[in-house]
Amino acid sequence: MTKSNGSPVPRRAMVLAAGLGLRMRPLTDNTPKPLVTVGGKALIDHVLDRVAAAGVEIAVVNVHYLADQIERHLAGRRAPRIVISNERSELLDTGGVVVKALPSLGTAPFFHLNADTIWIDGVKPNLVRLAEIFDAARMDALLLLAAASSSVGYGGRGDFAMAPDGRLRRRLEREVVPFVYAGVAILDAALLAGAPPGAFSLNLLLDRAIAAGRLHGLRLDGVWMHVGTPEAIAAAEAAILASAA
C-alpha cells in the first residue's frame, strides 16, 4: 500500500474490460467498448489514468471481446503496469474474474473498477477518498456511489440506500433510492473467501456483505457520467468540457 496524507492507498487494481458492449452498438461492432473514445480518450484510459495518479502500480485487466485490440492498446502504457487476465475462452463475470486474478492482486485491499466508468473529481481525488475511508475491520467492500439525480446520462431509480454510518442496502423492487454505483470500489481479499468456482456475479458476495453489515458506501465528490449508449457520449463530453472551462 502507498500512502496519501497518511492513509493507505491500494497499489493494485482490477479493471473489468471483457464485456461485449451490446448497448453501445454500432460503435462496438468492431471496437471493444473500453476503446470507445470520449473526450478524445479511450474509456479505459480515463480509468487507468485515474488509478495511476492515485499511486496504483499494477492493474489487472481482463479481456474477452476483441481482446487483441485491447492488448495492443495497453501495450503502450507505462503506468500502471498492466497484467492481462485472458478470458477469451470463457467470460467469468464480475466475480469470477477477481478470483482468477487474485494471484496478481495479492492479499491486500485493491481497487475494483469498470473500464467504462468516467467521473470528474472534486477537491480531492475520489480514489484517495475511498482509501482514506476504507477500514477492513468494518468493511468487506467500500463502493463509490454517485447521486442518481445529478449524474450525467443516468435515468434509473438508483441502486442503493445508505445509512448515516455508510452501510448500504439494495433498492427494493418499486423503490427509488438516492445512489447509483459508480463502478469503482475497494474490495478486501477476504470478501472472496468461499467464492464459487467459475463464472459468477460479484453481487453474490456483495449481498453476503450486506447481510453481515459489511458493505459500505462513499458519496462521490464531483460528477459521474453514465456512458452506456452512443447517445450518452455527447453529454459526457459536454460535462468534461464544462469542468475544464
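**Reading burial, salt bridges and a pocket**

Analyst: Let's start with D49, which counts as partly exposed because its relative accessibility is 30%. Buried would be under 20% relative accessible area and exposed over 50%, with a 1.4 Å probe and protein chains only. Keep in mind that this is a predicted model, where local features need pLDDT of at least 70, side-chain atom pairs count only at pLDDT 80 or more, and totals for chains, interfaces and linings use all residues. Residues are numbered from 1 along each chain as its sequence is written, and side-chain values use heavy atoms, with hydrogens and water left out.

User: Which residue forms a salt bridge with D49?

Analyst: Side chains of opposite charge can pair when their charged atoms come close. Here the partner is R77, whose closest N and O atoms to D49 are 2.9 Å apart. The cut-off is a side-chain nitrogen of Lys or Arg within 4 Å of a carboxyl oxygen of Asp or Glu. R77 sits in the loop between α2 (67–74) and β7 (81–86), while D49 belongs to helix α1 (residues 43–54), so this pair ties together parts 28 residues apart in sequence. Those labels are DSSP runs numbered from the N terminus: helices are H or I, at least four residues, and strands are E, at least two.

User: Which residues are linked with D49 and R77 in a network of salt bridges?

Analyst: K41 and D45 join D49 and R77 in that network. Searching the whole structure turns up 15 salt bridges. One of them pairs the side chains of D29 and R25, at 3.7 Å from N to O. D29 is partly exposed, as its relative accessible area is 39%.

User: What about R170: how far apart are its closest N and O atoms in the salt bridge with D207?

Analyst: They are 2.5 Å apart. This pair links distant parts of the chain, with R170 in strand β12 (residues 168–170) and D207 in helix α5, 37 residues away. R170 is partly exposed at 27% relative accessible area, and D207 counts as partly exposed at 37% relative accessibility.

User: L206 is also in helix α5. Is L206 buried or exposed?

Analyst: Buried, because L206 has just 7% relative accessibility. Leaving aside residues up to four places away in sequence, L206 touches A141, R170, L191 and L215, where contact means heavy atoms within 4.5 Å. As for A193, its C-alpha atom is 12 Å from that of L206, and the two residues are 13 apart along the chain.

User: And where is H112 found?

Analyst: H112 is in strand β8 (residues 110–114). At 3% relative accessibility, H112 counts as buried. Beyond residues up to four places away in sequence, the contacts of H112 include M14, L16, T94, V98, Y181 and L202.

User: Now the empty space. What volume does the largest pocket have?

Analyst: Rolling a probe the size of a water molecule over the atoms shows where empty space is left. The largest pocket has a volume of about 1,100 Å³. A pocket is an open set of points on a 1 Å grid over the protein atoms alone, where a 1.4 Å probe fits, with protein on both sides within 12 Å along at least five of seven lines; lining residues have an atom within 4 Å of a point. Volume is the space filled by probe spheres set on the points, which are joined across faces, edges and corners.

User: Which residues lie nearest the centre of the largest pocket?

Analyst: Of its 42 lining residues, L16, T94, N114, D116 and Y181 lie nearest the centre. The elements giving two or more residues to the lining are α3 (93–105), β8, β13 (179–187), α5 (203–211) and β15 (222–225). β13 gives the most, with four residues.
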